[in-house]
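Here is a short walk through one model, taken a region at a time. Keep the sequence and the coordinates open side by side.

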Amino acid sequence: MKRLQDKKILLGVSGGIAVYKAVELLRLLVKEGADVSVVMTKNAERFVTPLTFETLSLNPVRTDMFSMSERGKISHIEDPGLADLIIVAPATGNIIGKFASGIADDLLSTIFMALASPILIAPAMNNRMWRSPAVVRNVSRLKEWGANFVGPATGDLACGTAGEGRLETPENILATAIALLKKGEDMAGINLLVTAGGTHEYIDPVRFIGNRSSGKMGYAIASAAKRRGANVTLVTGPTDIPPPEGINIVQVTSANEMCEAVLAIAGGVDATIMAAAVADFSPVSQAGSKIKKEEGGISLQLSKNRDILKEMSKAGIGGVMVGFAAETENLIANARKKLKEKGLQLVVANDVSEPDKVFGADTNKVVLVEAEGEKEFPTMSKREAASVILDRLVQRYLKVSND
Ligand code: PMT
């Protein structure tokens with residue numbers, strides 16, 4: 001069976017000696033059943049003519065930002081959302097730089113700016129260029145924005161040297177593209193409950209006890225799961241993050257409200273990921289009017305809140321249960337304790353001893369802790385962290401077959 005049947009792929013080709021390999025990649029994509037449209041930069045045209053790509057793709061090749069597509073719409077606005085995947089191969093240091101800097105002065109870079117499809121970038125350049133601070137920064141920025149990369153490979157380079165910089169083989173680019181497209185659907189039909197943000201425990205009508213959670217981690221997980229096809233319900237404490245499209249959002253304020261909301265939803269889900277920083281304590285009573293300044297200060301009496309995850313485990317609801325552990329010491333030991341006490345399958349442990357590096361940050365450094373062992377990841381964007389958490393959830397707990 002053809003693995004890319006019914007898939008629409010936009011192949012972006014920028015100028016470098018490796019353009020000839022993009023011809024072979026196109027052949028492989030078409031052989032797997034993909035409908036491929038090619039966009040070439042002016043420099044790419046100097047290496048191979050559009051006619052070669054046109055003949056193999058059976059589609060017109062576009063090189064000009066101001067041409068109208070066959071259906072009469074402006075091509076660069078129309079294409080990005082229509083493709084199931086955009087592949088840029090070869091991607092030169094120049095086009096990577098344009099993507100990362102918001103420069104849109106040709107069709108391919110303009111398509112990137114209007115991007116609404118997943119993208120796979122296959123770089124090819126001289127090894128010193130690949131290691132240059134500009135390219136390293138640009139690649140890391142694009143990864144943070146969600147771009148996927150394959151290669152470059154190591155070997156002989158066109159400039160006569162050897163090193164890292166060769167375009168990955170067409171076969172490997174094809175395999176990565178197929179894996180990415182599969183991943184885009186690997187949570188289809190899964191009902192997922194995610195919590196995010198901190199809770200506010202009001203003392204009086206204007207003051208509350210809160211915590212530093214921004215909601216970024218939980219929102220990243222919810223959005224990533226949505227992209228992978230899951231039906232996502234996000235129970236969120238107060239945050240500044242705009243609600244992601246296509247996700248069922250339940251807004252709550254206090255730990256008690258979050259508990260009620262989660263328990264009401266958890267009966268019908270396949271998995272739960274609790275990324276919210278739920279207050280462990282709340283004031284025993286809330287003053288009906290603003291508390292006036294007292295000479296000697298005031299004392300607050302706090303009582304322990306219900307533990308949401310524990311209640312879910314006890315009730316046998318929530319499906320596969322993933323909790324977080326935010327720890328300032330003994331990260332793994334404390335995460336293991338939570339795994340056991342809260343009846344979880346997986347704990348995402350993050351060290352918050354330097355709170356600014358996690359709370360409100362765009363990055364996180366997580367360890368996935370399970371009964372049998374743990375896996376540590378380097379610092380990565382919260383988007384990437386969401387991806388590794390979901391990968392584990394899908395592969396270990398939700399996957400129904402191996403094809
Ligand atoms: O929101 P960001 O700024 O992006 O920051 C991300 C984060 C640091 C908030 C996130 O990565 C994180 O660690 N979330 C969990 C924070 C937390 O409350 O950890 P905990 O170790 O106190 O709780 C352990 C687990 O029990 C958590 O999954 C928590 O949601 C859950 N819990 C906690 C209290 C409670 N009453 N009921 C619960 O179910």
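Is P242 buried or exposed? The model is predicted, so the answer is a computed one. P242 has a relative accessible area of 61%. That makes P242 exposed, because exposed means over 50%. Now place the residue. P242 sits in a loop, with β11 (231–236) on one side and β12 (248–251) on the other. Y219 is 23 residues away from P242 in sequence. In space, their C-alpha atoms are 9.6 Å apart.

Turn next to helix α13, which covers residues 331–341. Three of its residues are buried: L331, A335 and L339. Why do the buried residues of α13 line one face of the helix? Look down the helix axis. The buried residues fall within an arc of 65°, so they share one face of α13. What does that set of residues pack against? Their partners are three strands: β16 (320–327), β17 (346–351) and β19 (366–370). Follow the chain just past the end of α13. There, G343 adopts a positive phi of about 65°.

Finish on the surface. A nonpolar patch lies there, formed by F281, I298, L300 and L302. Together these four residues offer about 360 Å² of accessible area. Pick out L302. This leucine belongs to strand β15, residues 302–304. Its relative accessible area is 40%. L302 therefore counts as partly exposed, since that class lies between the 20% limit for buried and the 50% limit for exposed. The value also clears the cut-off for patch members, which is over 30%.

Note on methods
Residues are numbered from 1 along each chain as its sequence is written. This is a predicted model: local features need pLDDT of at least 70, side-chain atom pairs count only at pLDDT 80 or more; totals for chains, interfaces and linings use all residues. Side-chain values use heavy atoms; hydrogens and water are left out. Patches are made of residues with over 30% relative accessible area and no salt bridge: like charges are joined within 9 Å, nonpolar side chains (Val, Leu, Ile, Met, Phe, Trp, Tyr) within 5 Å. Accessible areas come from the Shrake-Rupley method with a 1.4 Å probe; for residues, only the protein chains shown count as cover. A salt bridge is a side-chain nitrogen of Lys or Arg within 4 Å of a carboxyl oxygen of Asp or Glu. Helices (H or I, at least four residues) and strands (E, at least two) are DSSP runs, numbered from the N terminus. Buried means under 20% relative accessible area, exposed over 50%, partly exposed in between (1.4 Å probe, protein chains only). The arc is that of the directions from the helix axis to the C-beta atoms. Contact means heavy atoms within 4.5 Å.
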